[in-house]
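Welcome, and please take a look at the model shown here. A short tour follows, with headings to help you find your way.

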Amino acid sequence: AKADAEAALVQERRLASQLRESHKLELANLKKAQEAALKRLKDQLQEAHKQELAGLKKAYELQAAQEKEAALQGAPSQKEQTAASELAMLSAANQKQAATIRDLEAKVCEERSLRTQAEAQQADMDALMQDALLLSEEKLSLNLRQVIGACTGSSPQGKMEVLTADEIGFTHDSIGPRFRDGQLVSDLVDDLEAGRVDVNRHPNLVLEVVCIAGSYRSLNNRRLWAIQEWQRRRRHAAAQK
């Protein structure tokens, strides 16, 4: 029963990891496509701005030439009329370019919005993966308590004993970075180190432990890791003095 429970947990973790990697790959491809689209839009905007500036420059030159020629001759000529017509055409072209630029800017905003949505989906997926791992750990803990109770003929509740953290091993090869309530495991280590939490008095630091083949194993892997990490820091600090 214990082997089946551990195998089920390993399979759930493998599937969760594969799903996470698949989602990350999709997000990376989407991000790459968005960056390419943004680059194209940026290039189009730059080209449109260049054309607009060139058109304005030409219009200004035509207007200056028209004013100069009018000042010299005192009356509009055929050349001036042609220049005025060209200026009107340039003005219409500039308005069209401005509308194109506005459309491109709207597309850029839309691409940014899609990227933000994709990042939010990734965050939601990571949160779901974390919840799935926590549920898997709880399921294995319950299975282990049932196995030990069945083997010893005792209640799954067991009895209270005083052990040092060094005497206790883990029931998992790895742990999640957060508790069920969202608190970081590293924050508990900091609280222990600062004295804000008393390891001998805090009720949540009473660990559930099972004895397997003569070895004690904790069902509260994150709390055990925090206590052992706190002790490791204390020993390191003492050795530095």
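Among contacts in the protein between residues at least 6 apart in sequence, what percentage join residues at least 24 apart? The answer is 75%. Please keep in mind that this is a predicted model.

## Overall layout

The protein contains four helices and three strands. Following the sequence from its start, you meet them in the pattern α-α-β-α-β-β-α. The protein has 241 residues, of which 27% count as buried.

## Two nonpolar cores

Let us turn to the interior. The largest nonpolar core is made of 14 residues, and Leu-188, Leu-192, Leu-205 and Ile-227 are those with the most contacts inside it. Two elements, H3 and helix H4 (221-240), each give two or more residues to this core. A second core, separate from that one, has seven residues, including Leu-38, Leu-45, Ile-101 and Val-108.

Leu-205 is a handy residue to select in your viewer. Setting aside neighbours within four places in sequence, Leu-205 is in contact with Leu-188, Leu-192 and Ile-227, and also with Val-197, Asp-198, Val-199 and Arg-223.

## How H3 and H4 meet

How many degrees, roughly, separate the axes of H3 and H4 where they cross? They cross at roughly 45 degrees, and the axes come within 9 Å. An angle from 35 to 65 degrees falls in the oblique class, so H3 and H4 are oblique to each other. Their crossing is right-handed.

On the H3 side, the contact is made by Val-185, Leu-188, Val-189, Asp-190, Leu-192 and Glu-193. H4 brings Arg-222, Arg-223, Trp-225, Ala-226, Ile-227, Glu-229, Trp-230 and Arg-233.

## Two buried loop residues

Thr-171 sits in the loop that runs between strand S1 (168-170) and helix H3 (185-194). Is Thr-171 buried or exposed? With a relative accessible area of 13%, Thr-171 falls under the 20% cut-off, so Thr-171 is buried. A polar atom of the Thr-171 side chain lies 2.9 Å from the backbone oxygen of Ser-218, a separation within the 3.5 Å limit for a polar contact.

Asn-220 belongs to another loop, the one between S3 and H4. Its relative accessible area is 9%, so Asn-220 is buried. Leaving out neighbours within four places in sequence, the contacts of Asn-220 are with Val-206, Leu-207 and Glu-208.

## Ala-213 and its positive phi

Most residues other than glycine have a negative phi. Ala-213, though, has a positive phi, near 50 degrees. You will find Ala-213 in the loop between strand S2 (209-212) and strand S3 (215-218). The relative accessibility of Ala-213 is 82%, which is over the 50% cut-off, and Ala-213 therefore counts as exposed.

## Ala-88 in helix H2

Ala-88 is part of helix H2, which covers residues 78-152. Its relative accessible area is 48%, a value between the 20% and 50% cut-offs, so Ala-88 is partly exposed.

How far apart in space are Ala-88 and Ala-59, C-alpha to C-alpha? Their separation is 9.0 Å, while in sequence Ala-88 and Ala-59 are 29 residues apart.

Conventions
Residues numbered from 1 in each chain as written. Predicted model: local features only at pLDDT ≥ 70, side-chain atom pairs only at ≥ 80, totals over all residues. Heavy atoms only, no water. Buried < 20%, exposed > 50% of the residue type's maximum accessible area, 1.4 Å probe, protein only. Polar contact = N/O pair within 3.5 Å; in protein donor to acceptor, adjacent residues only side chain to side chain. Core = buried A, V, L, I, M, F, W, Y, C linked by side-chain atoms within 4.5 Å. Contact = heavy atoms within 4.5 Å. Axes fitted to C-alpha atoms, helices over the stretch in contact; angles between N-to-C directions. Parallel < 35°, antiparallel > 145°, perpendicular 65-115°, else oblique. Left-handed = near helix turned anticlockwise from the far one by under 90°.
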